[in-house]
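Work through these exercises with the model open. Each task is followed by a stepwise solution.

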Amino acid sequence: MYHTLSVLVEDKSGVLARVSSLLARRGFNIHSLAVGPTADEGMSRMTIVVEAPELEQVKKQLHKLVNVVKITELEPDRSVEREIMLVRVAASVGSRSEALEVAAIFKATAVDVGANSITFQVTGTPSKINDFLELVRPYGIVDMAKSGRIALGREPKARKLKAIS
Amino acid sequence: METITGAEALIRALEYEGVDVVFGVPGGAILPAYDPLYDSPIRHILARHEQGAGHMAEGYAWATGRVGVCIATSGPGATNLVTALADALMDSVPLVAITGQVPTGAVGNDAFQEAYTTGITMPCTKHNYFVTDPNDIANVVHEAFHIASSGRPGPVLVDLPKDILNAELVWKDPTDLALPGYKPTTEPHHRRIREAVQVIDSAERPVLYVGGGIIKANASEALRAFADATNIPVVTTLMGRGCFPDSHPLALGMPGMHGTYTATTSIQKSDLLIALGVRFDDRVTGDPQYFAPEAKVIHADIDPAEISKVRVADVPIVGDAKAVIEAMIEAWGDRPTPARREWLETIHRWQRDHPLHYEQSPDGTIKPQFVIEELHRITGGDAILVSGVGQHQMWASLHWKFDDPRRWINSGGLGTMGFAVPAAVGAKAGMPDELVFAVDGDGCFQMTFQELITAAVDGIPVKIALFNNSQHGMVTQWQKLFYNGRLSGSQLGENAVDYVKLAEAMGCAGLRAETPSEVAPAIEKSLTINDRPVVIEFVIDRDEMVFPMVPAGGSNDIVLMGPEDL
C-alpha cells in the first residue's frame with residue numbers, strides 16, 4: 001500500500017542520504033521522493049511516497065533521525081498532490097495534430113517540437129498524469145521523466161468555514 | 001582575543017563535557033588532536049586496535065553510566081570502529097567517537113587513508129557529524145554528548161578533517177542546543193499510566209518483563225518498590241541482568257532461548273506482560289506468533305519505535321523507565337498488595353521442578369557452570385562481570401547471581417565476539433576500585449586479547465576467566481544439535497595456544513586450572529595479584545552444552561532442560 005509523507009527536515013548536508021538509507025535499511029520501498037526548500041530558511045520538505053504494510057513504524061523510525069523535525073501523513077482526500085511529467089512522444093507530420101489534440105484536453109504544453117517527436121509538459125495529480133501517459137502511449141513514448149510527487153495538506157475544513165463566517 | 005586551533009578546541013570541548021578518559025589509537029589525520037591531548041588532564045589509553053578502543057569506551061559507559069569516548073584516525077582507524085559503534089547502537093550504549101578525516105580539500109579524491117566515515121557509520125550511529133567549520137567544534141561536541149546520553153542512549157560520531165583541526169578560531173563556550181528535531185519524551189502520559197494500573201489491578205497472572213532500559217534510567221530502586229507493592233514476579237533480560245536482584249523472592253531470572261524454565265514459562269502462561277525498557281528481541285520471544293499467547297501487553301519504552309514493533313501493545317507508554325515506574329507507583333496508591341497465591345505457587349512449583357542443573361564430578365573435567373559458581377562464591381559476588389558472546393556468556397548470565405545494576409556487561413544485541421577483554425579494560429578504567437572479572441571463551445579471547453597489553457602497560461589490572469574448550473562452543477553446540485555433528489570450521493585446535501605463556505608474554509600473570517580441585521585455588525590466587533592483569537585458563541569440558549534451550553525460531557512452550565530432553 002502506498003502512503004504519502006510530508007517530512008520537514010533540517011537543510012543539512014547528508015539528510016537525504018540519512019532518510020533514504022533508513023528507509024532501505026528498515027525494508028520500506030520508496031516509490032517516489034521529492035525534496036526542495038520551504039518558506040522557512042534552514043528547512044527542507046521531502047515528499048515521500050512509500051510502500052509499506054503499515055505506516056506507524058516508518059514514521060517512528062524516521063522520527064529517530066535527529067534532523068527530521070516533523071512528519072505528516074497526507075491522506076489523499078485531505079491534501080493536494082501534484083506531479084510534473086515531461087514526455088517525448090513519437091509524432092511525425094501525420095500524427096502530430098492528433099497528439100496535440102489529446103494534449104489540449106489535458107492542458108499539456110508542447111515544450112519541444114521536432115521532426116519526429118513532441119515533448120509535452122503535463123502537470124497534475126498522479127492519476128491525471130498516468131491517464132495522459134496511457135492516451136499518448138499508442139503514438140510511441142520515446143522518453144519520459146517524472147518529478148516525483150509533491151504534496152501539502154489542505155486547510156482543515158472546520159477552520160476554513162469559521163474563517164468564512 | 002586568544003585564538004586556539006581546532007584541535008585545541010576539540011580537547012577543550014571534551015574537558016568541558018567532563019571527560020576524564022579517552023580510548024584511542026592515533027594516526028595521520030587525527031595527529032593534530034593528539035598534541036593538545038598531551039597537556040590535557042584527560043587520560044588517554046592507547047588501545048592496540050580501534051575496535052578495542054570502541055569496546056573499552058562501551059565498557060566504561062556500561063560501568064559508570066557516563067558517556068564513553070573513543071578516538072581514531074581517518075580511513076582504517078574509522079572503519080575499525082564500526083563494530084563497536086554497531087554494538088553500542090544495538091545495546092543503547094552512550095558513546096562519542098572522534099575520528100580524524102583527510103583535509104577538506106582532499107575529501108572525495110580517494111586520498112591516502114580516506115574513507116567516507118559519516119556515510120559508513122550513518123546506519124550504525126544514533127547521529128553523526130562532519131565538521132566543516134572550526135567555529136562549530138564546541139557546539140558539535142556539546143550536541144554529540146547530549147544526543148549520546150539522552151533519550152535512548154547511543155553512539156554519536158564526530159568526523160573532523162585535518163585542516164579543520166589545524167585552523168584557528170576564538171573559543172566560545174557551547175551555546176544552547178540547536179536540535180529542533182530531537183526532543184525525547186521522558187514524562188509518560190498520565191492517562192496511559194492510569195490505564196496501565198487498571199489493567200494490572202485486574203490481572204491474575206502478571207509478569208514484569210524488564211531489561212536494559214531500567215539500568216539506563218537508573219530505575220532499579222523504583223522497580224523494586226513497584227514489584228514489592230504489586231507482588232508481581234520479575235524476569236530480567238540478558239541486557240537487564242542486575243536491574244532487579246536475583247536474590248529477591250520475586251526474581252525468576254532470564255527468559256528466552258537460554259532462559260530459565262520458570263522465566264520463559266511464566267511469560268508463556270501470563271495474562272499480562274508489563275514490559276519495561278525491553279524490545280521483544282527474538283532471543284526472548286522465539287517465534288513471536290507463539291509468544292505469551294494469552295497476555296495483554298503494557299509496553300513502556302523511551303523509544304516510541306520499539307512500542308508495537310514486534311508485539312502490539314495494549315497499553316503503550318512512551319517515557320523514561322524511572323518516570324514511568326514512579327508514576328505507576330503513585331497511581332497504584334495505597335491499594336493492598338495482592339497475595340497472588342495461586343500464580344506464585346505455580347511459579348514456585350516450576351522453580352522446584354525445573355531448576356538449572358549440571359553435574360560436576362570431582363575427578364571429571366571442569367564444568368563451566370561450576371567455575372561461574374565458584375567465582376561467585378569466592379568473590380562474594382562483589383565484582384563487575386564482563387562477558388563476550390557465546391556459551392560462556394549464557395553460563396555467566398544463568399549461574400551468576402546479579403544483585404545490582406551496572407555489574408554485568410556484555411554484548412547483547414549485536415553479539416560481538418571479542419567484546420569481553422576490551423570492555424573489561426574500559427570498565428576497570430572507569431571504576432578502578434572495583435574488581436573487574438571478564439568471563440571469556442577461547443574463540444572470543446583470540447579476537448581481542450591484545451588489549452591485555454594495553455591493560456598491562458597502562459596499569460589496569462583486570463582479571464580474565466578464560467574458558468578453554470578449543471572450539472567455538474556455541475557453533476559446535478548447534479552443529480551437534482542441528483547439523484548432524486559435522487563440526488565444520490568451528491574447531492580452534494587442541495592445545496593450539498599456551499595461554500599461561502601468552503598471558504606472561506603480554507605482561508600479565510597466567511594461571512591454569514585443569515581439574516575441578518584446581519578451580520578454587522586458581523581463583524583465590526588471582527585475587528592476590530593486583531599489580532597486573534591476570535588470565536586464568538580453565539580447561540573445560542568440550543562436550544558441555546548450554547541449557548535450558550529453546551531451538552531457534554520455535555515456540556517458547558518447548559524448553560529443553562538438558563541433554564536428556566533432546
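B:Val439 sits opposite B:Ala465 of S18(B). The model is predicted. Start from this residue pair.

**Exercise 1.** Determine how strands S17 and S18 of chain B pair, and over how many bridges.

Solution.
- Locate the strands: S17 covers residues 436-441 of chain B, and S18 covers residues 463-468 of chain B.
- Read the sense: the two strands pair in parallel.
- Count the bridges: there are five.

**Exercise 2.** Place these strands in their sheet, and explain why one side of S16 and of S19 in chain B lacks a neighbour.

Solution.
- Write the order: S16-S15-S17-S18-S20-S19 in chain B.
- Classify the sheet: six strands, open, with parallel pairing.
- Check the edges: S16 (408-409) and S19 (509-513) of chain B each have a single partner strand, so one side of each has no neighbour in the sheet.

**Exercise 3.** Describe the packing of helices H1 and H6 of chain B.

Solution.
- Pick the descriptors: two packed helices are described by the angle and the distance between their axes.
- Apply them: the axes of H1(B) (residues 6-16) and H6(B) (residues 137-149) come within 9 Å and cross at roughly 35°.
- Assign the hand: the crossing of H1(B) and H6(B) is right-handed.
- List the contacts: B:Gly6, B:Ala9, B:Leu10, B:Ala13 and B:Leu14 of H1(B) meet B:Ile137, B:Ala138, B:Val141 and B:His142 of H6(B).
- Sort by class: seven of these contact residues are nonpolar, two are polar and none is charged.

**Exercise 4.** Characterise the contact between chains B and A.

Solution.
- Count: 14 residues of chain B contact 15 residues of chain A.
- Sort the chain B side: eight nonpolar, five polar and one charged.

Notes. Residues are numbered from 1 along each chain as its sequence is written. Chains are lettered from A and ligands numbered from 1 in the order in which they are written. This is a predicted model: local features need pLDDT of at least 70, side-chain atom pairs count only at pLDDT 80 or more; totals for chains, interfaces and linings use all residues. Axes are lines fitted to C-alpha atoms, for helices over the stretch in contact, and angles run from 0 to 180 degrees between N-to-C directions. Helices (H or I, at least four residues) and strands (E, at least two) are DSSP runs, numbered from the N terminus. A crossing is left-handed if the near helix is turned anticlockwise from the far one by less than a right angle, and right-handed if clockwise. Two residues are in contact if their C-beta atoms, placed from the backbone, lie within 7 Å. Ala, Val, Leu, Ile, Met, Phe, Trp, Tyr, Cys and Pro count as nonpolar, Asp, Glu, Lys and Arg as charged, and the others, Gly among them, as polar. Two strands pair if DSSP finds at least two bridges between them.
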